[in-house]
Amino acid sequence: MTKRRCGVWFHMRRFDSSDPVDPIDAARRPARRRSPQASRDAAEQPFNSPIYCVYPSWARPPARGGGAAFSAGAGLALLDQILRATPPFSGALRQRLALRAAAASASALRLREDEAALRDAEHLAAGAGETTPAGRLHRLWRSFADRKATLDAAALAAAAARVELPPDLDWAALAGALQGAHAGRAQPLAAAAIAGVALARELSATRGAEAEILAWWAADVALAESLGWERPVALAATSFLRPELRGASSRRPRPSDPEWPDALAGAVALAARDAVGLAAELARGADRLLAVAPKLRAKGAGRVVEQLLADDAVSPARAARAGLSDRGARRLFDRLVDLGAVRELSGRPNFRLYGL
């Protein structure tokens, strides 16, 4: 049975009304006969159907104290169902989380760019050419969308270049050390914590803040690998600056601190809850966009719809490269906004950006 509720895409087994979920209650209920059409619909219904469900209150991260690992596990279970369903907005979900992680990373390095500035730098420059140090951080997290969840030498070297770590490190040896450190760790949070600690230890002689960001990056990659996700998702990195994670010293936990595993669990718990809520928001936006898509007659409109579902933001200039004229692209986005299918994200009269 497919239902829509305020929540997120989620897999759940479909039970018929006659299923003995409660044997006592089932015995009291008379069997109901279904029409032939209802029987045909049930036969055509897939075993797992995407539905919306509310994020349970018992899974929400605690404000202080223990229980973070439990909340993280519950949130990851919900998020796992969303990602494995491969909803049409999954690309936008990954890139919106990448933007949050980039803004947090830039703040940790005391750079001035916020989410709006990072979005402008990436999408108004078409994602090509040189960019700022904060822009490189954004591309570090954006690369999660098109790379496998593995801590190999090539991935480490590319990530280190984004945070401007020394290029002469032995990445093959470092990758071997990381894989050996978290190999056999069946518990995903433990694997993520070990990977972050191991990477930070190997980079202890380099700049501290950059190495810390790379440790959060490695933790997210190891978490995705342990969960069997094809590609990583920016999670812990979106939350490691949250005040809830600060201890009595009012400083954020570092990978070298004894409380790092607990802090990581808390960061993942907060991030998973936020990611599930973001997925619910994007699901509603994707529904609206896909509902109006058949009404769009502009050449290249289908490609623009795909871009909006796959990315955090789309500019009219990028849409024009899908086969529209500059004026046609602007008119298409104006109509999509009027129909409530997309939002204008920049708040400017010119150089606008649009997204779900």
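**A walk through a predicted chain of helices and strands**

The chain has 15 helices and four strands, and the coordinates described here belong to a predicted model. Of the 356 residues in the chain, 47% are buried. Among the contacts in the chain with a separation of 6 or more, 70% join residues that are 24 or more positions apart.

Before turning to particular places, the reader should consider how confident the prediction is. The average pLDDT of the chain is 80, and 79% of the residues reach a score of at least 70. The confidence varies from element to element: helix 1, which covers residues 23-28, has the lowest mean pLDDT among the elements, at 34, whereas helix 4, which covers residues 90-108, has the highest, at 95. Two stretches call for caution. Over residues 1-34 the pLDDT stays under 50, and the model has 61 contacts beyond four places in sequence for them; over residues 36-51 the pLDDT likewise stays under 50, and here the model has 25 such contacts. Where pLDDT is low, the predicted coordinates should not be read in detail.

The interior comes next. In soluble globular proteins, nonpolar side chains tend to be buried together. In this model the largest nonpolar core has 101 residues, and those with the most contacts inside it are Trp141, Trp217 and Leu336. Helix 12, spanning residues 260-292, gives the most to this core, with 17 residues. Two of the residues just named also meet each other, for tryptophan 217 touches Trp141, and its other partners, leaving aside residues up to four places away in sequence, are Leu140, Phe144, Arg147, Leu151, Ala155, Leu156 and Ala159.

Two further residues show what burial looks like elsewhere in the chain. Serine 239 is found in helix 11, which runs over residues 236-239, and its relative accessible area is 0%, under the 20% limit, so it counts as buried. If residues up to four places away in sequence are not counted, serine 239 touches Leu245, Ala267, Leu270 and Ala271. The C-alpha atom of serine 239 is also separated by 8.6 Å from that of glycine 266, although the two residues are 27 residues apart along the chain. Glutamate 212, for its part, lies in helix 10, residues 208-227, and with a relative accessible area of 5% it too is buried. Glutamate 212 touches Arg252, Pro253, Arg254 and Pro255, again not counting residues up to four places away in sequence.

The spaces left between the atoms can be followed in a similar way. Rolling a probe the size of a water molecule over the atoms shows where empty space is left. A search of the whole structure finds one cavity of 30 Å³ or more, and the volume of the largest cavity is about 40 Å³. The elements that give two or more residues to its lining are helix 4 and helix 6, the latter at 133-142, and helix 4 supplies the largest share, three residues. Around this cavity stand Arg94, Gln95, Ala98, Trp141, Arg142, Phe144, Ala145, Pro232, Val233 and Ala234, which divide into seven nonpolar residues, one polar and two charged. Trp141 and Phe144, both found in this lining, are also among the residues that tryptophan 217 touches.

The second largest pocket has a volume of about 270 Å³. It is lined by 15 residues, and Pro316, Ala317, Arg330, Phe351 and Arg352 lie nearest its centre. Helix 14 (316-320) and helix 15 (326-338) each supply at least two residues of that lining, and helix 14 gives the most, with three. By character, the lining of this pocket divides into seven nonpolar, three polar and five charged residues.

Phe351 leads on to the backbone. Most residues other than glycine have a negative phi, and most peptide bonds are trans. Phenylalanine 351, however, has a positive phi near 50°; it lies in the loop between strand 3 (343-344) and strand 4 (354-355), and it counts as exposed, at 65% relative accessibility. Arginine 110 is another case, with a positive phi of about 60° although it is not a glycine. The place of arginine 110 is in the loop between helix 4 and helix 5 (115-123), and with a relative accessible area of 79% arginine 110 is exposed.

Notes: Residues numbered from 1 in each chain as written. Heavy atoms only, no water. pLDDT = per-residue confidence, 0-100. Contact = heavy atoms within 4.5 Å. 1 Å grid on protein atoms, 1.4 Å probe; cavity = no way out; pocket = protein on both sides within 12 Å on 5 of 7 lines; lining within 4 Å. Points joined across faces, edges and corners; volume = space filled by probe spheres on them. Nonpolar A, V, L, I, M, F, W, Y, C, P; charged D, E, K, R; others polar. Buried < 20%, exposed > 50% of the residue type's maximum accessible area, 1.4 Å probe, protein only. Core = buried A, V, L, I, M, F, W, Y, C linked by side-chain atoms within 4.5 Å.
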